[in-house]
Amino acid sequence: MFPKRAPRVYSNQLNKYKLELSLQIAGSDFFGILGDLSTSGLCAVIPLAEGDSLATEIGGEIFGSVLSREMEEEMRFEATVAWQEVAEFQGKHSCLMGLEFSGQQRLPDVLQNAIQATEL
């Protein structure tokens, strides 16, 4: 499990990639965007209505996909919730959620290029 630390969420090239997430504990699906990404996990940014929250728990299992027209196929993954918090992101009420992949994830080239562009 990732140790709790300040979320690394930036307004950058990764924000154009959409996430489709399915919570196994609640049986619900929701959508967000990438805030950060590595081979071991990601930060999801899920927009919320003011006062809303997500029914997730630390250690909860999530299945998801990274979606983009730029990718030939979606990147599917299994992960657990490592941390979560409610915060403002780009002026919108959001849930930030750190997800730890079940194993090392191979990132498509287009995502690796987007990560490198954010590090410049």
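Read from the N terminus onwards, this protein runs β-β-β-β-β-β-α. That is six strands and one helix, and what you're looking at is a predicted model. Of its 120 residues, 42% are buried. Here's a quick tour of the fold, the cores and the two cysteines worth a look.

**Overall picture**
- Take the contacts with a separation of 6 or more: 60% of them link residues 24 or more positions apart.
- The accessible surface adds up to about 6,800 Å², and carbon and sulfur atoms account for 47% of that.

**The main core**
- The largest nonpolar core holds 27 residues, and Leu-37 and Phe-77 have the most contacts inside it.
- Two or more residues come from each of these elements: strands S1 (18-23), S2 (28-37), S3 (41-47), S4 (61-67), S5 (75-89) and S6 (92-101), plus helix H1 (109-119).
- As a general point, nonpolar side chains in soluble globular proteins tend to be buried together.

**Phe-77 and its neighbours**
- Leaving out residues up to four places away in sequence, Phe-77 touches Leu-19, Leu-21 and Leu-42, among others.
- Its list of contacts also takes in Ile-62, Phe-63, Gly-64, Ser-65 and Val-66.
- Leu-99, Phe-101 and Gln-105 are on that list for Phe-77 too.

**A second core**
- Apart from the largest core there is another one, with seven residues, including Ile-33, Cys-43, Ala-82 and Leu-96.
- Ala-82 sits in strand S5.
- With a relative accessible area of 9%, Ala-82 is under the 20% cut-off, so it counts as buried.
- Ala-82 and Leu-99 are 17 residues apart along the chain, yet their C-alpha atoms are separated by 5.4 Å.

**The cysteines**
- How many disulfides are there? The count is zero.
- Why no bond for Cys-43? The closest cysteine sulfur, in Cys-95, is 9.0 Å from the sulfur of Cys-43, which is too far for a bond, because a disulfide needs the two sulfur atoms within 2.5 Å.
- Seen from the other side, Cys-95 is in no disulfide either, and its nearest cysteine sulfur is that of Cys-43, at 9.0 Å.
- Cys-43 is buried, since its relative accessibility is 4%.
- Cys-95 also counts as buried, with a relative accessibility of 4%.

Note on methods: Residues are numbered from 1 along each chain as its sequence is written. This is a predicted model: local features need pLDDT of at least 70, side-chain atom pairs count only at pLDDT 80 or more; totals for chains, interfaces and linings use all residues. Side-chain values use heavy atoms; hydrogens and water are left out. A nonpolar core is a set of buried Ala, Val, Leu, Ile, Met, Phe, Trp, Tyr and Cys residues joined through side-chain atoms within 4.5 Å. Buried means under 20% relative accessible area, exposed over 50%, partly exposed in between (1.4 Å probe, protein chains only). Helices (H or I, at least four residues) and strands (E, at least two) are DSSP runs, numbered from the N terminus. Contact means heavy atoms within 4.5 Å. Accessible areas come from the Shrake-Rupley method with a 1.4 Å probe; for residues, only the protein chains shown count as cover.
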